[in-house]
Amino acid sequence: MQTKDALRVAVLGCGSVGSQVVRLLTEQADDLAMRAGVPLELVGVAVRRLDAPREVDVPGHLLTTDATALVTSGVDLVVEVIGGIEPARSLILAALESGASVVTANKALLAEDGATLFEAAEKAGRDLYYEAAVAGAIPIIRPLRESLVGDTVTRVLGIVNGTTNYILDKMDSSGAGFADALGEAQELGYAEADPTADVEGFDAAAKAAILASLAFHTRVTAADVHREGISDVTAADVRSAADMGAVVKLLAICELRDGPEGQAVSARVHPAMIPRSHPLASVREAYNAVFVESQAAGRLMFYGPGAGGAPTASAVLGDLVTIARHHRAGTRGAGESAYTARPVLPMGETLTRYHVAIDVEDRAGVLALVATAFAEHGVSIQTVRQEGRGADAQLVVVSHRATDAQLAATVAHLQQMDIVREVTSVMRVEGETE
């Protein structure tokens, strides 16, 4: 029986996150009611199979396989944690059209078609909240959406995928190769059996699109984000980073840059070397962190567990309580802010720094010839060092900022030179390294 004046809550999905949402709604019902100012009553949980094993014991009368009927049954709040594009998009739209506010953790959907969801929420006069879509329990969406809305954010730099951070951390700490570190991550449950979404950067790119959209008040989709994964990062790359006082991290980088017609948004995900003195360098194992730079507040860092059922459910419940307070007061929170409509700068026009390792002949004049090749393509050199002798001779060059096109032309030139045996590594560099 429904409690008087309670808000009716439906949960879509009962996997690792959904089951923890159900548990918290049940175990903390009294506290949540006091915080929200109104009881939150769980009235249904949509699942694919009624008899599937679950992490929590869900009363049978709450389970249903008809998610559409559930979200259109007059519920007040819908939690979507099934993931993917469909049927999640259709269910969220149906919920909003039926008068329910929505909490979602669906980064892929928000990054692909967030505009449709926000427009539907605006039309319905309902809330759409999504703190859990980026970095699990770490509060980063609300600070960008609300706390820093009076400031001008200029850059967001983050480690937003725990699987890749675990792999790279193990490669750095133990000297393991990529395959061995991935295998360990899979054994410990940090990586899926098919780790493609994580190791090839798709997950991080979706999160980067969401962060860039919020930070710069511009619609940015996952397709706008330049994406590179970590599967080509070698133990030699990690050692080379260590030799210059750096570590390799998969970074989501969103920033304002000067474009051909004024300010533009740059959004990219790729592995990069960062100095060990940088705050993000100390983020270990499967943890996440997001570094925000703004004109007035300066530099802010948000750190914590970026995934997992309970941490993500914590973010979901925070959104639920906020929306419940709005419902009780007859108000709603901020909607989408995309008023600047800045263009998204192609990666080919984005300036970055590069670390280039080159196997060369060990003879006089090699350094001058390599430097000339860089100069001919407009790439200036910040530092260069020689490692090894004879057959093991190698030059390691760190450039000043250049475009991908300039660097590609430089590498192609180097590969045609008689003194160059092989260009063994090319990786971007963020921050000042030794």
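In this predicted model, helix 4, made up of residues 88-97, lies across three strands: strand 1, strand 4 (77-80) and strand 5 (101-104). Its direction relative to strand 5 works out at about 150°. The strands under discussion here belong to an open sheet of 6 strands, and reading across that sheet gives the order 3-2-1-4-5-6, with parallel pairing. At its edges sit strand 3 (63-64) and strand 6 (128-129), each of which pairs on one side only. Within the sheet, strand 1 (residues 7-12) and strand 2 (residues 40-46) run parallel and are joined by 6 bridges. One residue pair helps to place this on the structure: Val11 has Val45 in strand 2 as its bridge partner.

Further along the chain comes strand 10, covering residues 262-275. Of its 14 residues, 12 are buried, so strand 10 is largely enclosed by the rest of the structure. Several strands pair with it, and they are worth taking one by one. Strand 9 (residues 246-259) runs antiparallel to strand 10, and 14 bridges hook the two up. Together, strand 9 and strand 10 make a hairpin, with 2 residues between them. To find this pairing by eye, look for Ala252, whose bridge partner in strand 10 is Val269.

Strand 10 also has parallel pairings. Strand 8, residues 226-227, pairs with strand 10 in the parallel sense over 2 bridges. Here His226 has Arg268 of strand 10 as its bridge partner. Strand 16 (residues 420-429) runs parallel to strand 10 as well, again with 2 bridges joining them. In that pairing, Met273 is matched with Val429 of strand 16.

Now for a single residue, Asp151. This residue sits in the loop that links helix 6 (141-147) and strand 7 (153-159). Asp151 is buried, yet it has no salt bridge. How far away is the nearest side chain of opposite charge? That side chain belongs to Arg342, and it is 11 Å away. A salt bridge would call for a side-chain nitrogen of Lys or Arg within 4 Å of a carboxyl oxygen, so Arg342, at 11 Å, does not form one with Asp151.

What the side chain of Asp151 does reach is a piece of backbone: the nitrogen of Ala296, at 3.0 Å. Ala296 also turns up in the list of residues that Asp151 is in contact with, once neighbours within four places in sequence are left aside. That list consists of Ser294, Gln295, Ala296 and Ala297.

Notes. Residues are numbered from 1 along each chain as its sequence is written. This is a predicted model: local features need pLDDT of at least 70, side-chain atom pairs count only at pLDDT 80 or more; totals for chains, interfaces and linings use all residues. Side-chain values use heavy atoms; hydrogens and water are left out. Helices (H or I, at least four residues) and strands (E, at least two) are DSSP runs, numbered from the N terminus. Buried means under 20% relative accessible area, exposed over 50%, partly exposed in between (1.4 Å probe, protein chains only). Lys and Arg count as positive and Asp and Glu as negative; His and the chain ends are not counted. A polar contact is a pair of N or O atoms within 3.5 Å; within protein, one must be able to donate a hydrogen and the other to accept it, and residues adjacent in sequence count only if both atoms are side-chain atoms. Contact means heavy atoms within 4.5 Å. Two strands pair if DSSP finds at least two bridges between them. Axes are lines fitted to C-alpha atoms, for helices over the stretch in contact, and angles run from 0 to 180 degrees between N-to-C directions.
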